[in-house]
Amino acid sequence: MINKLLKFKKLIRYSKYFNYFDPFTSAPQKKFLIYTRGRTGSTVLTDLLNCHSDVFCDYEIFNLSNTKTKVRYPRLYIDSCAKRAVLKGKQVYGFKVKIEQFRDEHNYPDDIDLFNRLNDDGWKFIYLKRENSLNHKISGIISNKTNVFHVKRDKDFSHGRINIDCQLLLDILNWGDELDRMEEDKIDGIPHLKLVYENDLLDNSKHQSTADKAFSFLGVDSHQVNTRLKKIIPANLRDIILNYDEMVEFLKGTKFACYLEKEMSIG
């Protein structure tokens, strides 16, 4: 009996829900989540928010590379993770989550219900998206080819120009549009702060005002912010894509041609 009890205690201690069962650690006063997708500037936003002395913004707690196994009890897990803030001496906890993590990695049948319950429990939602679909998808292609997803300002990052599989790019753009609609549907009806990468994070001079907007939304005072990170994708896509002209010709007549017009006006 004693051995079974010790085994159970060990199981709890090393489980994903350990902090939830810890009676000596309270829950944080304020909680939020960043609802987003990859390559939207969410790591930059996390960097900025973590500059605040009262805020602990966590990583993607539902990323399978972090959880190792599927999370069976998401609410218990979220509440357990939230106590990390208090353990770090903070009173505001946040985490990032991507639409595909709930749907594909953990197979939750009703993540809208989960969102609604979190909202009812006082969680605040920051919805971060990227409006330029072309740059968004090419940023993802570059990261997957180079296996580099973030670069610090004091580090050099350069790579050769790449060829784009135009049909694959179009397929990815169409799938991204579908994800956009799914994202909007899931967040619809839930009060949230919407941030757009191009308007709020792309230009470093906007970082302080963006952070202040988020801090006000979360109910905390303003705080000076900065980020360690820099952009990977160049301002002009022609500088990195070998078959740029082929890509332009291929996308002409599609609904994504408007992004090429913006790109060429900048270049």
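Which handedness does the crossing of α4 and α6 have? In this predicted model, the crossing of these two helices is right-handed, and the account below begins with that pair before turning to the sheet.

Two packed helices are described by the angle between their axes and by the distance between the axes. For helix α4, which spans residues 74-87, and helix α6, which spans residues 111-120, the axes come within 11 Å and cross at roughly 45°. Because an angle that is neither under 35 degrees, nor over 145, nor from 65 to 115 counts as oblique, α4 is oblique to α6. On the side of α4 the contact is made by P74, R75 and I78, while α6 contributes L114, R117 and L118. Divided by character, the residues of this contact comprise four nonpolar and two charged ones, with no polar residue.

The strands form the next part of the picture. Strands of a sheet pair through backbone hydrogen bonds, either parallel or antiparallel. Here the pairing is parallel, and five strands form an open sheet whose order is β2-β3-β1-β4-β6. The edges are taken by β2 (55-60) and β6 (192-196), each of which pairs on one side only, and neighbouring strands are turned against each other by 20° on average, direction ignored.

Within this sheet, strand β1 (residues 30-36) runs parallel to strand β3 (residues 92-98) and is joined to β3 by seven bridges; L33 stands opposite F95 in β3. Helix α10, comprising residues 207-218, packs on the sheet and touches β1, β4 (124-129) and β6, and the direction of α10 makes about 170° with that of β6.

How values were computed:
Residues are numbered from 1 along each chain as its sequence is written. This is a predicted model: local features need pLDDT of at least 70, side-chain atom pairs count only at pLDDT 80 or more; totals for chains, interfaces and linings use all residues. Side-chain values use heavy atoms; hydrogens and water are left out. Axes are lines fitted to C-alpha atoms, for helices over the stretch in contact, and angles run from 0 to 180 degrees between N-to-C directions. Helices (H or I, at least four residues) and strands (E, at least two) are DSSP runs, numbered from the N terminus. A crossing is left-handed if the near helix is turned anticlockwise from the far one by less than a right angle, and right-handed if clockwise. Contact means heavy atoms within 4.5 Å. Ala, Val, Leu, Ile, Met, Phe, Trp, Tyr, Cys and Pro count as nonpolar, Asp, Glu, Lys and Arg as charged, and the others, Gly among them, as polar. Two strands pair if DSSP finds at least two bridges between them.
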